[in-house]
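Student: I should like to work through this structure by question and answer. Please show the sequence and the coordinates before we begin.

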Amino acid sequence: EMLSTITRRATSVCSRATLTFNLSRSYSVKSGATYFTKDHEWIKVEANNIGTVGITDYAQNSLGDVVYVDLPKKGFQVKQKSTLAAVESVKAASDIYAPVSGEVTEVNEALTTEPALINKSSQKDGWIAKLKISEQGTKDFDNLLDQAAYDKHCKDSKH
């Protein structure tokens with residue numbers, strides 16, 4: 001009987017911990033934090049529901065020297081996982097997918113004349129677009145990875 005009481009208590013504590021984690025996950029999008037997709041896009045959350053989007057160092061490294069970036073237009077509406085932009089490198093052409101749903105408010109015009117910024121500074125000067133994160137977009141963060149989970153994903157992806 002003592003064992004079943006302990007088991008019930010442990011189960012109850014675990015259920016509460018899981019519930020708390022799930023609830024906090026939905027509402028824990030922090031301004032200034034960066035989140036990642038398994039396809040190697042990143043989004044850095046800024047004030048006023050704006051997110052800056054680009055590709056990760058892992059992605060640019062896989063692509064090789066970027067020679068052209070097809071940027072989206074301002075006002076372009078995207079859904080999570082839909083094509084936001086395209087990048088051409090000496091090795092391949094690759095679509096860049098929106099990490100969350102939203103509307104393009106700004107694009108990095110510097111990439112039109114200096115696409116190699118993606119190679120030099122993929123997570124800073126080589127950003128691709130800024131999105132006004134939609135209401136759906138705020139929910140889309142549940143499908144993204146934080147830095148630790150993304151690092152593990154990259155490590156597990158290497159063969």
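Student: With the side chain of which residue does the side chain of Gln80 make a polar contact?

Tutor: The model is a predicted one, in which local features need pLDDT of at least 70, side-chain atom pairs count only at pLDDT 80 or more, and totals for chains, interfaces and linings use all residues. Residues are numbered from 1 along each chain as its sequence is written, and side-chain values use heavy atoms, with hydrogens and water left out. A polar contact is a pair of N or O atoms within 3.5 Å; within protein, one must be able to donate a hydrogen and the other to accept it, and residues adjacent in sequence count only if both atoms are side-chain atoms. At 2.9 Å, the partner of the Gln80 side chain is the side chain of Asn143.

Student: Is Gln80 buried or exposed?

Tutor: Gln80 is placed in the loop between strand 5 (77-78) and strand 6; helices (H or I, at least four residues) and strands (E, at least two) are DSSP runs, numbered from the N terminus. Buried means under 20% relative accessible area, exposed over 50%, and partly exposed in between (1.4 Å probe, protein chains only). Since its relative accessible area is 17%, Gln80 is buried.

Student: Which backbone oxygen does the side chain of Gln80 reach?

Tutor: Contact here means heavy atoms within 4.5 Å. Leaving aside neighbours within four places in sequence, Gln80 is in contact with Ala98, Pro99, Val100, Ser101, Asp140, Asn143 and Leu144. The backbone oxygen reached, at 2.8 Å, is that of Pro99.

Student: In what order do the three strands of the open sheet lie?

Tutor: Two strands pair if DSSP finds at least two bridges between them. Strand 4 and strand 6 (residues 83-89) are antiparallel and share four bridges, while five bridges join strand 6 to strand 7, again antiparallel. The order of the open sheet is therefore 4-6-7.

Student: Why is one side of strand 4 and of strand 7 left without a neighbour in the sheet?

Tutor: The open sheet has three antiparallel strands. Strand 4 (66-70) and strand 7 (93-97) stand at its edges, so the cause is that each has a single partner strand.

Student: Which residue of strand 7 stands opposite Ala85?

Tutor: Strand 6 and strand 7 form a hairpin with three residues between them. Strand 6 is mostly covered, as five of its seven residues are buried. Towards strand 4, Val69 stands opposite Val87 and Val66 opposite Ser89. In strand 7, the residue opposite Ala85 is Ile96.

Student: Within what arc do the buried residues of helix 6 fall?

Tutor: In helix 6 (residues 147-157), Tyr150, His153 and Cys154 are buried. The arc is that of the directions from the helix axis to the C-beta atoms. Seen down the axis, these buried residues line one face of the helix, because they fall within an arc of 95 degrees.

Student: Against which elements do the buried residues of helix 6 pack?

Tutor: The face turned away from the buried side of helix 6 carries the exposed residues Ala148, Lys152 and Lys155. The buried residues of helix 6, by contrast, pack against strand 1 (34-36) and helix 2 (57-63).

Student: How many residues apart are Asp156 and Lys152?

Tutor: A salt bridge is a side-chain nitrogen of Lys or Arg within 4 Å of a carboxyl oxygen of Asp or Glu. The side chains of Asp156 and Lys152 meet in such a bridge, at 2.8 Å from N to O. Asp156 is partly exposed at 49%, and Lys152 is exposed at 51%. Both lie in helix 6, about one turn of the helix from each other, and their separation is four residues.

Student: Which residue forms a salt bridge with Glu46?

Tutor: By this rule the count comes to three salt bridges, among them that of Lys120 with Glu114 at 2.9 Å. Glu46, in the loop between strand 2 (41-45) and strand 3 (50-55), is linked to a residue of strand 9 (residues 129-133) that lies 84 residues away. Glu46 is partly exposed, with a relative accessible area of 29%, whereas its partner is buried, at 15%. With the closest N and O atoms 3.5 Å apart, that partner is Lys130.
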